[in-house]
Every structure is written in structure tokens, then in C-alpha cells.
Amino acid sequence: MIHPYMEQATLRNYINGNWVNGEKFTDVMNPATSEKIVEVPLSSEREVKEAVEAAKLAQKEWALVPAPQRAEVLYKVGQLMKERKEKIATLLTLENGKVLEEARGEVQEGIDMAFYMAGEGRRLCGQTVNAELKDKFAMSVRAPIGVVGIITPWNFPIAIATWKSFPAIIAGNAVIWKPATETPLMATELGKIFEEAGLPKGVINIVYGAGEEVGEAMVQHKDIQVISFTGSNKIGSHIASECGRQLKKVSLELGGKNAVIVMDDADLELAVEGIIWSAFGTSGQRCTACSRVIVHEDVKEALEEKLLANMKKLTIGNGLEKDVKVGPIINQDGLEKIASYIEIGKKEGATLLAGGHRLTEAPYHRGYYFAPTLFTNVTSEMRIAQEEIFGPVVSFIPVASFEEAITVNNRVAYGLSSAIFTNDVNRVFQAQRDLDTGIVYINAGTTGAEIHLPFGGTKGTGNGHRDSGVQALDVFTEWKAIYVDYSGKLQRAQIDVD
Ligand code: UN1
């Protein structure tokens with residue numbers, strides 16, 4: 001039986017411009033209802049190899065297409081995404097569970113990325129510099145790398161795919177893309193759009209399947225020269241070591257343990273709005289989600305009270321329904337992980353002020369819902385204050401001063417996003433200097449990165465690369481230095497300098 005939102009019962013891989021049938025499949029479920037949506041192929045090394053062969057051939061020609069013409073395809077991609085925004089957003093909510101308003105926002109992030117990277121087709125700037133010798137010209141250019149592999153997560157299945165694939169494509173590479181099996185619809189929709197926009201066959205290839213099979217085959221394939229991965233630290237460090245062994249370039253976006261700092265002079269109403277949005281939006285399943293509130297002790301009780309009152313107003317439910325603000329958790333494993341941290345927090349001596357349990361009564365009984373949760377009196381060494389929970393759980397950590405707030409913020413293994421609410425201009429500038437995360441927000445929550453700035457983090461959040469922004473091009477290009485000697489004689493650098 002075909003699901004009412006679907007045109008097909010089974011999805012197919014997209015290899016060399018063809019939609020290819022799979023052999024083995026797994027079910028894709030709607031996390032809001034547990035109903036089956038579609039089946040997705042579980043591919044193997046064989047499909048990865050086929051995709052790489054196609055990509056190698058396609059890339060040679062694609063690299064010779066002038067970048068402004070490559071950009072025309074991306075403009076078309078952006079245009080088609082814009083026309084289909086509502087349909088794509090609805091499918092995103094169906095497979096991922098995030099509320100429709102957020103799904104629209106995520107699709108918009110992809111549209112923004114398309115137009116932004118299309119613009120790069122007319123830049124891809126290098127430098128011209130002065131040579132140290134007479135009658136000699138020196139410059140640097142960005143060169144494509146070849147075939148690149150991208151492995152994308154279920155929590156932002158279309159936005160993150162655009163952060164990685166669009167810069168790769170505009171720079172003249174071909175792509176092998178393994179989307180998360182929980183959220184394959186976004187890849188099919190984007191694949192169809194690439195096809196309709198006229199991207200030559202083989203420039204993007206979609207291979208569905210498990211990380212252990214398809215992801216591993218990509219990491220081990222000698223002709224995939226770059227791996228760009230967003231996901232867990234455990235898998236990220238495995239990928240990094242395998243790529244390191246092969247001297248393969250790897251870009252990682254991993255976990256976060258992001259905090260909102262609320263100072264004693266903050267606008268508490270605004271801080272509560274920022275915390276609600278960044279802790280409970282997407283049910284806390286963002287790498288950038290706020291999971292710690294580092295609060296000045298003088299405003300701790302007032303902030304708790306206001307936050308609790310606002311948490312009560314949150315409507316939880318199926319993201320396709322109007323006015324729902326918090327959707328389900330992705331699946332049973334996700335729920336169990338969150339539930340296990342509630343027990344850990346209680347054992348560690350934190351005080352549970354709200355939530356802390358799964359929602360099992362109708363209408364929640366068929367989906368994977370977890371009550372928005374607030375712990376207080378948490379200390380910064382507790383595991384709930386150190387480890388990524390990836391759910392709607394926030395911990396209050398009281399502090400006595402601005403300096404202590406900064407120290408507590410930085411005392412975690414991750415460094416993705418941080419935020420401070422204060423009206424003191426000196427503290428604002430000290431904070432943006434001293435917070436050791438890749439993204440810093442002033443008087444806003446920890447989420448909401450824009451695509452034309454670098455996205456990524458310090459310490460355990462990654463390995464120094466950035467997604468999105470012009471910096472994403474560094475992952476998918478090699479720098480080439482070019483010297484043109486027009487003196488007509490041998491000129492030796494560093495020697496013939498008079
Ligand atoms: C993620 O959580 O992996 O800044 C991506 C944000 C979004 C992207 C989140 N624009 O929260």
C-alpha cells in the first residue's frame with residue numbers, strides 16, 4: 001500500500017542520473033505516529049563503487065564547466081526548492097517529526113544556501129600577489145578535489161545536505177551522498193530537483209543505507225578524496241582515524257553541549273523566550289540546542305519561575321497539526337537515551353522541576369514523545385551538564401559571577417554554540433572574546449545560525465573545518481599556487497633577487 005503522501009512505496013538510489021532499484025530495504029517511520037511511510041534501500045559496497053565510477057567520469061567534465069555556468073544549475077535548484085517549499089517541508093515533518101513551521105525554516109535554509117553558493121560561482125576567489133622577482137606573476141586559485149563523500153544526519157536532513165553538497169558542486173566536484181536512513185525523503189526530493197535543474201548525470205549520486213555498510217565503504221574507497229560528516233562523536237572519531245590512516249581529507253561536525261548564560265541584569269522575559277526556543281525547539285534535537293542554563297544566583301529563582309510558567313504553555317504533538325510547538329523524538333533509541341539521562345541526573349543529585357518522563361497517554365501513545373524537562377541545582381561536573389542528551393532537557397547551573405559563568409560554559413568537551421543575556425556592553429564584548437565556541441549569540445538563544453557564516457565548533461565538536469559560509473569551500477577545494485615567469489630567462493626564487 002502506498003502512503004497517502006507518497007508517490008511510491010519504495011525509494012530508489014540515484015546513481016549516474018538513474019533511479020536504481022534496491023535489493024534489501026528497511027521501513028521509514030513517522031515518529032509522530034509510528035506509521036510506516038515508505039521503504040528505503042539498504043545498499044552495499046557495490047552501489048558505492050558504481051556511484052564512484054560514475055562520479056569520476058562526470059567530475060572530469062563538470063570541473064571544466066565555467067563556475068558561473070555551474071552556478072546556473074544551483075540557481076535553478078534554489079528556484080525549484082522555493083516553488084516546492086511547502087511540499088518539501090510537509091515531507092520533512094512527516095519523516096523527522098519537527099513542527100511544520102521549523103520544517104519550513106529548514107527548507108528555507110537550503111534555499112538560502114542554493115542562492116548563496118550560486119553567487120560563489122562568480123567568485124570562488126583566489127589571490128593575486130606580487131612575486132619577489134621581476135617579470136613574474138603569482139596567484140592562487142581554488143581547484144576542485146574530485147569525488148567527495150557526504151554523510152548527513154536525520155536532524156537537519158535537507159539543510160545540512162545543502163551545506164555540504166552545494167559548495168562541493170559549485171567548486172567542480174562530484175558527490176556521493178549517504179543520507180540518514182531515518183529521513184530519506186529529503187534526499188529523494190533534492191535528487192529530483194538536481195535532475196530537473198539539469199545537473200549532469202553522475203555529478204550527484206545518492207546511496208541509501210547503513211553507516212556500517214555504505215558509510216564505511218565510502219570512507220574506505222580510495223577514489224573518494226574527501227569525507228564530510230555530521231553526526232555523533234563516536235562515529236566521527238572512527239571516520240577521522242580511518243581517513244587519517246589513508247591521508248584523506250575529513251570535515252567533521254559533531255556534538256554540542258551548548259549553554260545560555262543569564263546575567264543578573266538580563267531581560268528575563270527575553271531570556272525565557274530564547275531558552276524555550278533553543279532548548280525545546282526541534283525537541284532539543286539540534287547540535288546547537290541549549291541544554292545548560294548558566295544563571296546568576298540572584299536571578300535564578302525568578303528565571304526558574306518564568307521558565308516553568310512558559311513551559312506549561314508548550315503544545316506538544318504531531319508537527320503537522322496547527323499550533324503544536326514541540327514534536328516527537330526521532331525514535332525509540334532516542335527516547336531511551338533521553339530517559340537514561342533523567343535517571344543519571346536524579347542519581348547525581350539534581351532537582352527535577354518539570355517533565356522527566358515519556359508521554360504515553362493518548363494522543364501520544366503511538367509516537368515517541370518526551371515531556372519538556374527542567375533540572376535545577378545542577379553542578380558543572382555532573383554528567384547531565386557534560387554529555388550531549390539530544391532531547392528536550394535543560395539543566396540550570398547557578399553561578400555567582402560573570403567570570404564563573406564563562407568558566408563553566410567553557411568547561412565541557414564541546415564548543416559549538418553559546419549565548420549570553422546581559423545589557424552590559426562591556427560584558428557583551430568580554431563574552432564574545434572569552435566564550436570558546438564556534439558560534440556566539442548575544443541576547444538570543446543558542447540556535448539560528450545563518451548560512452552565509454561559518455557553522456561549526458571548537459574542541460570535541462569537530463576537527464577545525466566549517467560547514468556553510470564561504471569557509472565551506474575550503475573543505476571541497478585545494479589551493480593551487482601558480483607562478484608565471486615572463487622574463488624569458490631562468491630566475492631563481494630566493495636567490496636572483498637583485
Ligand atoms: C544542527 O543542529 O545540526 O543554527 C544544525 C541552527 C540551525 C542549524 C542546526 N540553523 O540551529
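Which residue has a side-chain N or O atom 2.9 Å from a nitrogen atom of the ligand? That residue is Glu-109, in what is a predicted model, where local features need pLDDT of at least 70, side-chain atom pairs count only at pLDDT 80 or more, and totals for chains, interfaces and linings use all residues. Residues are numbered from 1 along each chain as its sequence is written, and side-chain values use heavy atoms, with hydrogens and water left out.

The protein is divided into domain 1 (13-254 + 462-481) and domain 2 (258-442), with bounds that come from an automatic or database domain assignment. The centres of these domains, taken over C-alpha atoms, are 31 Å apart, and their contact (heavy atoms within 4.5 Å) involves 22 residues from domain 1 and 24 residues from domain 2.

Each of these two domains gives at least three residues to the shell around the ligand. Among the residues with a heavy atom within 4 Å of the ligand are Phe-156, Trp-163, Cys-287 and Phe-455. Sorted by class, the shell holds six nonpolar, four polar and two charged residues, where Asp, Glu, Lys and Arg count as charged and Gly is among the polar ones.

Besides Glu-109, two further residues approach the ligand through polar contacts, that is, pairs of N or O atoms within 3.5 Å. A polar side-chain atom of Arg-286 lies 2.7 Å from an oxygen atom of the ligand, and in Ala-449 a backbone N or O atom lies 2.7 Å from a ligand oxygen atom. Of the 320 Å² of accessible area that the ligand has on its own, the protein covers 98%, as computed by the Shrake-Rupley method with a 1.4 Å probe.

Terms used:
A polar contact is a pair of N or O atoms within 3.5 Å; within protein, one must be able to donate a hydrogen and the other to accept it, and residues adjacent in sequence count only if both atoms are side-chain atoms.
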